[in-house]
Amino acid sequence: MRPREVGGRVGDAVRRRRWRSARPAVPRVTGARFTAVLPAGAIAAVPPDAAKRLVAEADRLLAGHVAYFGVVRDDLADPDWGHDPKTGRRAPSGYAFDVPYRDEDAVGDIKQIWELSRHQYLTVLAAAYALTGNERYAERVAEHLRSWWAANPPLRGVHWVSGIELGIRLLSWVWIRRLLDGWPGAAALFEDNPVALRQIWHHQRWLAAFPSRGSSANNHVIAEAAGQSAAACAFGWFPASARWRADGLRTLARELRSNTFGSGLNRELATEYHGLVLELGLAAVAEADAAGVPVPASVRRVLLRMTDALAAVVDNRLRPPRQGDADDGHGLVVDGAGTDRWASLLATGDAVFGRLPWWPQVTATDVRTPLLAALIRPYAERGTAPDASRPARRPAHFADAGLTVLRGPEEIWCRCDGGPHGFLSIAAHAHADALSVEVRHDGVDVLADPGTFCYHGQPRWRQYFRSTIGHNTLELDGGDQSVSGGPFLWTRHARSRVLVADTSGGADGGPACWRAEHDGYRGSVHRRQVELTAASRELRVVDEVRGPRRAVRLAFHLGPTITADLVGSRAALTWNREGHDRSAVLDLPGELSWRAHRGESDPPLGWYSPGFGRKEPATTLIGTGYADGGRKFTTVLGFRG
């Protein structure tokens, strides 16, 4: 931490002690009215199939059923807001800043406890009311909000510990109020309800007092600023609302710039956080536009770049890279299960900014896009001409982020990682994955990034899923390229640099080529070259270690649908895609001794996490041996049919 951050954190600690006994009076509010309603026709614009998915999801929620992070819950009819269904533990209910929320033995799985209290399932129920007019949905929302407010008074318990939770919860409340606007009980639930006013005021007071700062100013500060500004726009009923609104938008503008590369990719180099930040930014702009509040021009420019970058990196099935941490976090949820998150974001980007000719086609539907589009003024209507810096052709190499995408025939997609280790000094959501590759065929993970699986409570699994051996790259002497100091801390970062990024191939039909190196292993340099030849549908990976003799392990993680038959140094790969059998051959370096691993736990090896809290066995091929004197290891992946 730098001195300014240390000083800020000392001030936070003093304020927490002072707030323990403080009992501030909530300013009296009279004549409050909610005016940030949806324009006429917004609900009618929701596509029927998206509406059907939403209502089906809402009916499951009404029946008390929900699943978070691999845990199925049947207690949603009358939830216990402090209970963790995974461990059976219940979080303490004392002064918020005394709760040891990172200690699973004392609190339980904090992600399980927090997720329900983001109230994004309530936005789904509220949206179902808006679409159907069925008051059962509205009544359940009101019942649960009153229950939560009673069980979680200001500064008491685990739900008042983390700013990102307060920010996202405020966004949910704004949308709940908007979507319930036609319900006769909406005003009595919110603006005419002293309990609701107290909660809204205390949430905004908290966010103004305890911003994420310095080395922690990542996606959390975006959520805090988005929630603060959105609530101050939609619930602008307090003396401090104008200040909170201005401060929130100013922080949002500054931190969006800080968190985003010039190319438009998120600096955390964790794709799901790119999606989260983009959703939060769009939601914040929607509230400002609905309230007629000017938004700093840089906010729209950054969101535009982020949307173009997302369109550039997705594969033919609109799946983005599986890079870095992922915890299934969303900024705004008004859709049912089965809605494609990334297609939804691109559809919203099209509605707000306009698609470019090279963008992939989006045919999927969602509820969120027509609702946001009804509130956000299209980019061209803000008096700003379309950004001339938007790429004329689909970018494939993002130099600032070190991310390169090679594309081949029959929808071969390969992501190469030669970028910074992570964002800020702690690089909280980074993995030790320098020079890793991720390869898909028609959207199927062939060489897969295994994912994240967990954050707190299971340190052995946290370490594995962010380790070097847990990625498609090369490990030396049994250690990671970067040095971990904790589950969200890296104390030494590997430095990578891209040497060649020829994504188009030669004019004579030669291969597209990427070459990079990193210095994470002191005394040695790992250099990797990847070539994709369109004519032969062949991917060639050449690894070279320069330096003294060292033990090496080379890992290739296969996707969960891939079957591998390993004989010597050749693996025959097969899978099925929508009824069609596919195959490939993976010729591995003969200088190494190869073994297949699947679903092993001691130590962990051979796993794939399809989402946070979930993991399933998958085949990992590990080659062991030694590297010295610039020895090269060549791997060839050939697609057959």
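Asp247 and Arg250 stand three residues apart in helix α11 (residues 241-259), so about one helical turn separates them. Their side chains meet in a salt bridge, with N and O 2.7 Å apart. The model is predicted, and every value below is computed from it. The whole structure holds 43 salt bridges and 24 aromatic pairs, while a search for disulfides finds zero.

**Salt bridges**

- Side chains of opposite charge can pair when their charged atoms come close.
- In the pair within helix α11, Asp247 is partly exposed, at 31% relative accessibility. Its partner Arg250 is also partly exposed, with a relative accessible area of 49%.
- A second salt bridge joins Glu279 and Arg341, whose closest N and O atoms are 2.9 Å apart. Glu279 belongs to helix α12 (residues 271-291) and Arg341 to helix α14 (residues 341-353), so this contact ties together parts that are 62 residues apart in sequence.
- Both ends of that second bridge are covered: Glu279 is buried at a relative accessible area of 3%, and Arg341 is buried at 12% relative accessibility.
- A third salt bridge is formed by the side chains of Asp519 and Arg495, at 2.7 Å from N to O. Asp519 is found in the loop between β12 (512-518) and β13 (525-533), and Arg495 in the loop between β10 (489-492) and β11 (496-502), so the pair ties together parts that are 24 residues apart in sequence.
- In this loop-to-loop pair, Asp519 is partly exposed, with a relative accessible area of 26%, whereas Arg495 is exposed, with a value of 62%.
- One network of salt bridges with shared partners takes in Asp315, Arg319, Arg415, Glu438, Arg440, Asp445 and Asp449.

**Cysteines**

- The sulfur of Cys414 has its closest cysteine sulfur in Cys416, at 3.9 Å, which is too far for a bond. A disulfide would need the two sulfur atoms to be within 2.5 Å.
- Cys414 is buried, at 0% relative accessibility. Cys454 is buried as well, with a relative accessible area of 4%.

**Aromatic pairs**

- A pair of aromatic rings is described by the distance of the centres and the angle of the planes.
- Tyr68 and Phe69 make a tilted pair, with 6.4 Å from centre to centre and 45° between the planes. Tyr68 is buried, with a relative accessible area of 12%, and Phe69 is buried, with 9%.
- The rings of Trp575 and Phe639 have centres 6.5 Å apart and planes at 90°, so they count as edge-to-face. This pair links distant parts of the chain, since Trp575 is in strand β17 (residues 570-577) and Phe639 in strand β25 (residues 632-639), 64 residues apart.
- Both members of the strand-to-strand pair are buried: Trp575 has 4% relative accessibility and Phe639 has 3%.
- Ring pairs also build a cluster from Phe34, Trp148, Trp149, Trp173, Phe190, Phe235 and Trp237.

**Charges over rings**

- Arg136 places its charged end over the ring of Tyr137, at 5.4 Å from the ring centre.
- Lys615 likewise has its charged end over a ring, that of Trp607, with 5.1 Å to the centre.

**Surface patch**

- Val6, Val10 and Val14 make a nonpolar surface patch of about 210 Å².
- Val10 of this patch is located in helix α1 (residues 3-19).

**A buried proline in a loop**

- Pro589 is part of the loop between β18 (580-587) and β19 (593-598). Although Pro589 is in a loop, this residue is buried, at 1% relative accessibility.
- Pro589 and Asp543 are 46 residues apart along the chain, and their C-alpha atoms are separated by 9.7 Å.

Note on methods: Residues numbered from 1 in each chain as written. Predicted model: local features only at pLDDT ≥ 70, side-chain atom pairs only at ≥ 80, totals over all residues. Heavy atoms only, no water. Buried < 20%, exposed > 50% of the residue type's maximum accessible area, 1.4 Å probe, protein only. Salt bridge = Lys/Arg side-chain N within 4 Å of Asp/Glu carboxyl O. Helix = DSSP H or I, 4+ residues; strand = E, 2+ residues; numbered from the N terminus. Phe/Tyr/Trp six-rings, centres within 6.5 Å; stacked < 30°, edge-to-face > 60°. Lys NZ or Arg CZ within 6 Å of the ring centre and 35° of its normal. Patch = residues over 30% accessible without salt bridge, like charges linked within 9 Å, V, L, I, M, F, W, Y side chains within 5 Å. Areas by Shrake-Rupley, 256 points an atom, 1.4 Å probe, with all protein chains shown as cover.
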